[in-house]
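Student: Could you take me through one part of this structure in detail? I would like to see how a single strand sits among its neighbours.

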Amino acid sequence: MVFNRLKKALKKFVDNVTEVVASKTLSEEDLEPILEELVISLAESDVAFEVAEEIANRLRERLVGKKVPRFSDARQVVVDALRDALVEILSRGYRRLDLVEEARRRSPDNPLRIVFFGVNGVGKTTTIAKFAYMFRRSGITPVIVAADTFRAGAQEQLRRHAEKLGVPFIGGRYGADPASVVYDGIEYARARGYRVVLADTAGRMHTDTDLMEELRKIVRVAKPDYKALVVDALTGNDAVEQAKFFDEAVGIDFIVLTKVDADVKGGTAISVAAVTGKPILFVGTGQGYEDLEPFEPRRYAEKILQGIK
Ligand code: GDP
């Protein structure tokens with residue numbers, strides 16, 4: 001089940017604290033061993049250690065000194081504290097962006113430019129196709145640009161998506177300058193009045209310095225409205241490291257977290273939001289075009305708490 005590990009950790013915490021709070025005033029000594037266990041099990045659920053400790057601190061602040069006479073009320077008090085802590089952390093850096101609305105307001109000679117970054121395999125190609133589908137469904141036809149000119153597979157994969165979705169595709173010859181491919185894509189959109197450009201970029205090892213130069217050049221040339229980073233929920237702390245790395249290299253505006261539907265641990269969203277302070281704007285919930293959900297901190301916290309209350 002999705003987020004199983006995280007849910008198990010949180011449920012154990014709620015059970016343990018509820019028992020104490022229902023019988024006596026909760027002291028720091030009561031809480032400490034329970035929090036210690038929580039931190040360890042959160043870390044095992046892909047929550048970065050420092051973030052797990054932060055959650056523990058917030059729970060300590062909220063719960064020490066609590067006493068509730070009835071068991072059922074006690075559980076509610078603990079769950080509420082947990083929900084508040086999760087929402088606070090998931091909200092860090094959060095902002096609501098309505099990309100469809102923004103695209104709609106654009107004048108046709110100035111398309112909304114979104115450039116996607118991310119390491120190969122995280123689901124970047126699929127995410128771009130999902131974005132294209134989202135715009136298309138709202139009556140806005142985007143142009144898809146494939147600027148990974150070293151990987152023929154990446155070009156082909158995007159071309160196929162574009163064909164299926166019925167949206168224009170701009171690719172580049174093998175070895176062509178990726179920045180010029182993106183530039184061509186933007187010019188194409190501008191000349192024909194398309195309001196959105198979705199550009200893929202190469203995702204070789206993110207520590208590759210040539211790649212970082214290549215990506216910086218794309219940013220200089222394309223002047224994206226949004227630099228989107230795609231990370232994979234299944235990679236846990238790697239996702240956090242990638243987010244930090246890409247943010248330093250090119251500056252990230254928002255994050256798309258993929259594969260949450262397959263995530264049995266569940267902590268990556270919490271870590272990514274907390275450590276980077278960048279908004280997660282969407283989560284990927286499957287392989288289909290429609291499997292892209294807007295991320296909303298409170299709703300996500302509820303999803304985590306489902307089955308615990
Ligand atoms: P890229 O190398 O980053 O472009 O990755 P791809 O887009 O080719 O995706 C790699 C694999 O992950 C493919 O099999 C996708 O179908 C799958 N994938 C992408 N996003 C999701 C998602 O949100 N959920 C699930 N379950 N699979 C996904």
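Tutor: Happily; here is a close look at one strand and its surroundings. This is a predicted model, where local features need pLDDT of at least 70, side-chain atom pairs count only at pLDDT 80 or more, and totals for chains, interfaces and linings use all residues. Residues are numbered from 1 along each chain as its sequence is written, and side-chain values use heavy atoms, with hydrogens and water left out.

Let's start with strand β5, residues 226-232. Strands (E, at least two residues) and helices (H or I, at least four) are DSSP runs, numbered from the N terminus. In β5, 7 of the 7 residues are buried, so the strand is largely enclosed by the rest of the structure. Buried means under 20% relative accessible area, with a 1.4 Å probe and protein chains only. In a regular strand, side chains alternate between the two faces of the sheet. Here Tyr-226, Ala-228, Val-230 and Asp-232 are buried on one side of β5, and Lys-227, Leu-229 and Val-231 are buried on the other.

Now for the neighbours. Two strands pair if DSSP finds at least two bridges between them. Strand β1 (residues 112-117) runs parallel to β5 and is joined to it by 4 bridges; Val-115 stands opposite Lys-227. Strand β6 (residues 254-258) also pairs with β5 in the parallel sense, over 5 bridges, and there Thr-258 is the bridge partner of Asp-232.

Finally, follow the chain: β5, helix α10 (residues 237-250) and β6 make a right-handed β-α-β unit. Right-handed means that, with the strands pointing away from the viewer, the path from the first strand over the helix to the second runs clockwise.

Notes:
Buried < 20%, exposed > 50% of the residue type's maximum accessible area, 1.4 Å probe, protein only.
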